[in-house]
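Please look over the protein shown here. The notes after it cover model confidence, helices and a surface patch.

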Amino acid sequence: MPQEMTSIEKIIVLDFGNPYNQEITRGIRELNVFSELHPHTMTAEEIQAEGNVIGIIMSGGPFTVYEDIQEYDSKILELGIPVLGIGRGMQVMINELGATVTPAGYQYEPTDSQLTFHNVSEGIFKGAPASRTVPLGFDAKVSKLPDGFSVLASGEEVSSGDDRPFGATENPERSLYGVQFVMEIEKNDADRQILENFVLGVCDASQNWTMKNYLSIAVHQLKAQIGDQKVLLGLSGGVDSSVVGVLLQRTLGDQLTCIFVDNGLLRKGEGEDVMNILGEEFGLNIVYADAADRFLDKLAGIDDPEEKRKIIGNEFIYVFDDEAAKLEHVKFLAQGTLYSDVMESGTSTSEVVKSHHNVGGLPEDLDFELVEPLRLLFKDEVRQLGLEMGLPDEIVWRQPFPGPGLGIRVLGEVTREKLHILREADAVLRRVVAENGLQREIWQYFAVLPGIRSVGTTDGRTYDYTIGIRAVNSVDGMTSEFARIPYEVLNEISQAITEEVAHVNRVVYDITAKPPSTIEWE
């Protein structure tokens, strides 16, 4: 950890395989307290070396205290740092201190249990409801607590009535706490309250994790890493690369060169916005590579979605390499890698959610060193950093946009005519959503050209294209529900698209969740 970060208080989350690790880590950050996820094998010595660690959370996971995965440094419990064990994390903690944890003979999958909380006036359950139903695993059972621990919650499994005498426990003298149930921070206010009570109450965090503080730290670190060398950035115009670009420009000035590849698959006005806002207003040195014809020629006659993706991805690399080869003495390549990218790419304990191209370093044949100033940040923190640096809303709150762009929103073969129709329809959609003040209420929304033509009537018979509207709400993009756009707004969208966009006579609204569908149509 760079020395400048040691001034920031930190909560360490030890990863025992809990699928909710990202929720927990993010939940702590939302309290303006820095948190990081580390493998469960992290030692007490390594924790001390981090500097300014004020709390430790031992997360749950799909293993019992009898399996090797639970091996960890028990000296962590002797550091004098508050510890919260969640689910299996509680079992591991109190088993080490002399509890009796026995196989219960039941399934791991958590089932509903009714718990009564015995102290809601102070401690980690301060302000929590006196009783509630919680998801609690049943493959192991705490039947005896260690000396010095008291019961905070007890109850029974709802369907079977099996006794669960130790649903939560504490040893306040040693600042050790445990909850047996799964904590779903993003879904449950009571669980968020528990986390807040531990972080702000037990750990007494000063809440010094702000993007204003991080900005000064990042500037100092970038200067130390890069010195007077040159940096190259692939600028897409999305929030991540834009924030990286403005941060590097503010720090390094003309040492930064950005390459913006216009592949002809962008939304209406995006190329102009990048050059006007980031180039003119913020002073970034941008090489504009107009490669639209090059991409569209490669895509001619191709209708398979995966083949289109590969062509677009490969051609982008070729164009970027061609432009980069024209530059001299560039030592560093900047990337917009986020902390969520790192976490989703897996730890030594948790499974890979999805691999990210920007995690794991560069190919050996690329002669650059990496610069990743957003690697510690979640997406919401990147947006906050952008606002801190004065980036306008149209950049900070830009809709998520896939790498292949409109190439996978035009279903089937991509042609210039189809791109023009889709680009105009998508612009109308975005305008009407904004005019109705819904742009912050919908997580992602866009238009699709399915390649369906149907009969219509205006001043006569028409046989024109259908536009599909996709609008979803999601937390992380792994699952989603369709956005409940008011009927009157949907009607306004439909009328505006059919009146303003030539060769469109029908608009449909996609009301499918993910799963079974994906967010994108291709």
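Across residues 350-362, pLDDT (the predictor's confidence in each residue, from 0 to 100) stays under 50. For this stretch the model has 27 contacts (heavy atoms within 4.5 Å) beyond four places in sequence. Where pLDDT is low, the predicted coordinates should not be read in detail. The mean pLDDT of the protein is 87, and 89% of its residues reach 70 or more.

This is a predicted model, in which local features need pLDDT of at least 70, side-chain atom pairs count only at pLDDT 80 or more, and totals for chains, interfaces and linings use all residues. Residues are numbered from 1 along each chain as its sequence is written, and side-chain values use heavy atoms, with hydrogens and water left out.

**Helix α13**
- Helices here are DSSP runs of H or I with at least four residues, and strands are runs of E with at least two, numbered from the N terminus.
- Helix α13 covers residues 416-435 and spans 29 Å from first to last C-alpha, close to the expected 28 Å (1.5 Å times one less than its number of residues).
- Among its buried residues (under 20% relative accessible area, 1.4 Å probe, protein chains only) are L419, L422 and V432.
- Their cover includes α8 and β19.
- G437, with a positive phi near 65°, follows α13.

**Helix α5**
- Helix α5 has 16 residues, 211-226.
- Its buried residues include Y214 and L222.
- G227 follows α5 and has a positive phi, near 60°.

**Position of F316**
- F316 lies in helix α9, residues 305-324.
- F316 counts as partly exposed (from 20% to 50%) because its relative accessibility is 35%.
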